[in-house]
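Please work through the exercises below with the sequence and the model side by side. Each task is followed by a solution in steps.

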Amino acid sequence: MLGRIQRQRSSDDNSLFSFQSAHFQKRSTQILSLENLMSFGLGSGPYGEPIRHIMCANQSTRIRAQRRCTEQGSISCPRCQLVKYCSERCQKQHWPRHSSTCAHPYLEGNWQPEWVLQERPPSFACSSATFSPSSFVFPAFDALNLTQNEGVEFIDKNYKLCFAACADIRNLIETVNNLPSNYQGRFDVLINNSDPIIINRNLVILYALLNPEPSIDEAAELAVHLMYSAALSAPSAAYLQRCLDDVYGSQYDNYSGDFSFRTCLSTRGEGKICSLQTVAGVRSPLEMFMSTYDSALALKNRWKVLAAPENVDTWDRFLSRLRPSHRMAFKRFRETGVLAPFAADTNRFMHPNRLLFSSQGTWLGKSDFNPLQGWDATLIQVSGAKIAMIESADIFGCLFFYLKDQFRRFAYQVKNLNVNFVLTQFDPQILARGISAGVIPIFNGACFDRIDTKDMMDDVGIEACLADWGPLLNRENRFASLLMHSRAWHSERPYALARCNPHAALMLFMHKCFKIPALNSKLKDVFAQGLRSPALLRLIESLDAFYDHDDIFQEFLEAENTEPIAAAFDLGLRPHHKVHPKRFGVPLDACAHQMPDVSKSQFYDLGECGIFRHRESLTF
């Protein structure tokens, strides 16, 4: 039974964002931890327990009274490497069910996309002279990076960080996890997004993870599913509703007006989770979260998006980049919608994750939804082997344990340190002016040690970003930085990227290869297929990873008058990156024109995560 010990909402709304009263410096009451007393059943195991290792894949129980094997798996299937067994007996017993997996065409090394078998050009390459690769999520990074800036020895210094256009909590997780374990200062984070669904989704996930009632192990697994799984178990769905009641319940009913939704919630530690939004902004997410459509409708609508005819070739193109075992892993994830080890029993996940569907049950994700994007695939596979002895073939099993570990570390950091979160839902330019005017007392004027504007410069321009956010940097900290990213800097320079003009890139590459007899003979069949060749498409997509764009990007910066504009706001473009590298595959202190130096396996991992999409970064 899920018992409530006490409400987590603060009743002191007048000091909501000041953190000045004793109420926010020290808990007025001690919350009894339930970690050692009971389980909420939020784990991903067959009985609601957290998964700590890979279980035996044998689920074939012919006798009803016999329960599935719960021993730890240690013997891998020699063909697919996707499942493990505790013994040869279980392996033989499970073979009738597993044989169809091992016989799937995706596991064949010579698998080909449909367009190749049908001898036609792929749909994404025949409609125009350009094609867009699969969607891309910027890899998570530590936005503070104390080691390269202020130094980890300043453990008693307070820091303030702003994510002005935060799409999810990945960068927040990375940043908090990299704080020194003996950090003694206060860390205040402002998380903003103008999209009410995005910011409220982040609010709910943070609270579900940091609410002190369930164990950190259970909460970490729940957070994995809230972020990436389309379906939840019954206890997880029920607990999500409890969290929604805590976050929105009485506060939403008792306030009216434009700036009326305010909430402040306890965490596992000294810090708080607060939110300031408009009632109008909260209304749409609440309709989503409180909806009543059933799981069958939600999963049917999700599959309509994933399996739409216009997306078939795009999906096959992605699969053509993968190893056979990873093709099967992605197939399994698409079919179940649950991020879990390959052999995990997902039959318990029968309730829709209402954070990922509209109020009518429409899937809000894209057809190429890929949880690996935004995370380091190399670290994911290393973590899977270290934490649960998973083969790298089970890439989603590795990802599950990697994310669980990241969320656990995050929860422990918040429990042991003084970390406060304020989530807002405003246009970034309006928010910047509001901060300057003192609307949020905890963030008053020029106070931020880091400001990440994401790719706002693509929408409003470099000058507007600097004008809005430059004055809010902490001028007393010489390491204070404003971070910008751009994915559209090349939009008016079609010659900048190979993928912007695949036909031209193909002709240029063929011309150069024909001059090398050995390559000419090896690639003759590939060239004959043109853009129908999966190998050639992979090559064109990855060309930008090894193309020197520095001069062209510098040309872009000069055309935008970047340095004079920055100087007008008493800012300067930093010559060396100190927070994250200027491009993928190069070290943080990379010099100009330095190209990626990666191994074959790292090259594959970068492509699997969709990182061959050139995106430039600026630091002021």
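The exercises move from the whole chain to strands, helices and single loop residues.

The model is predicted, and local features need pLDDT of at least 70, side-chain atom pairs count only at pLDDT 80 or more, while totals for chains, interfaces and linings use all residues. Residues are numbered from 1 along each chain as its sequence is written, and side-chain values use heavy atoms, with hydrogens and water left out.

**Exercise 1. The whole protein**

Task: State how many helices and strands the protein has, and what percentage of its residues count as buried.

Solution. Step one is the secondary structure, which comes to 23 helices and 12 strands. Helices (H or I, at least four residues) and strands (E, at least two) are DSSP runs, numbered from the N terminus. Step two is burial: of the 620 residues, 59% count as buried. Buried means under 20% relative accessible area, exposed over 50%, and partly exposed in between (1.4 Å probe, protein chains only). Step three concerns contacts, meaning heavy atoms within 4.5 Å. Among those between residues at least 6 apart in sequence, 77% join residues at least 24 apart.

**Exercise 2. Strand 9 and its partners**

Task: Determine how many residues of strand 9 are buried, and in which sense strand 4 pairs with strand 9.

Solution. Begin with burial: strand 9 (residues 418-424) has 7 of its 7 residues buried. Next, separate the two directions. Asn418, Asn420, Val422 and Thr424 point one way, Val419, Phe421 and Leu423 point the other way, and all are buried.

Then turn to pairing, for which DSSP must find at least two bridges between two strands. Strand 4 (residues 186-192) pairs with strand 9 in the parallel sense over 7 bridges, and leucine 190 stands opposite valine 422 of strand 9. Strand 7 (residues 272-277) also runs parallel to strand 9, joined by 4 bridges. Here leucine 276 has threonine 424 of strand 9 as its bridge partner.

**Exercise 3. The hairpin**

Task: Establish how many residues lie between strand 6 and strand 7 in their hairpin.

Solution. First, find strand 6 at residues 261-266, where 5 of 6 residues are buried. Second, note that strand 6 and strand 7 pair in the antiparallel sense over 6 bridges; phenylalanine 261 has glutamine 277 of strand 7 as its bridge partner. Third, the hairpin formed by strand 6 and strand 7 has 5 residues between them.

**Exercise 4. A helix crossing**

Task: Describe the packing of helix 6 and helix 9, giving the angle and the separation of their axes.

Solution. Start with geometry: helix 6 (residues 196-210) and helix 9 (residues 279-289) pack at an angle of about 65°, with their axes 9 Å apart. Axes are lines fitted to C-alpha atoms, for helices over the stretch in contact, and angles run from 0 to 180 degrees between N-to-C directions.

Now list the contact residues. Helix 6 contributes Pro196, Ile197, Asn200, Arg201 and Val204, and helix 9 contributes Gly281, Val282, Ser284, Pro285, Met288 and Phe289. Finally, classify them: 7 are nonpolar, 3 polar and 1 charged. In this scheme Ala, Val, Leu, Ile, Met, Phe, Trp, Tyr, Cys and Pro count as nonpolar, Asp, Glu, Lys and Arg as charged, and the others, Gly among them, as polar.

**Exercise 5. Two loop residues**

Task: Decide whether serine 229 is buried or exposed, and do likewise for glutamine 360.

Solution. Take serine 229, located in the loop between helix 7 (216-228) and strand 5 (231-233). Serine 229 is buried because its relative accessible area is 0%. Not counting residues up to four places away in sequence, serine 229 touches Val224, Gly337, Val338, Leu339, Asn353 and Leu356. The side chain of serine 229 also makes a polar contact with the side chain of histidine 225 (2.8 Å). A polar contact is a pair of N or O atoms within 3.5 Å; within protein, one must be able to donate a hydrogen and the other to accept it, and residues adjacent in sequence count only if both atoms are side-chain atoms.

Now take glutamine 360, in the loop between strand 8 (349-352) and helix 13. Glutamine 360 has a relative accessible area of 59% and is therefore exposed. Not counting residues up to four places away in sequence, glutamine 360 touches Tyr293, Leu297 and Asn301. Glutamine 360 and asparagine 301 are 59 residues apart in sequence and 9.9 Å apart in space, C-alpha to C-alpha.
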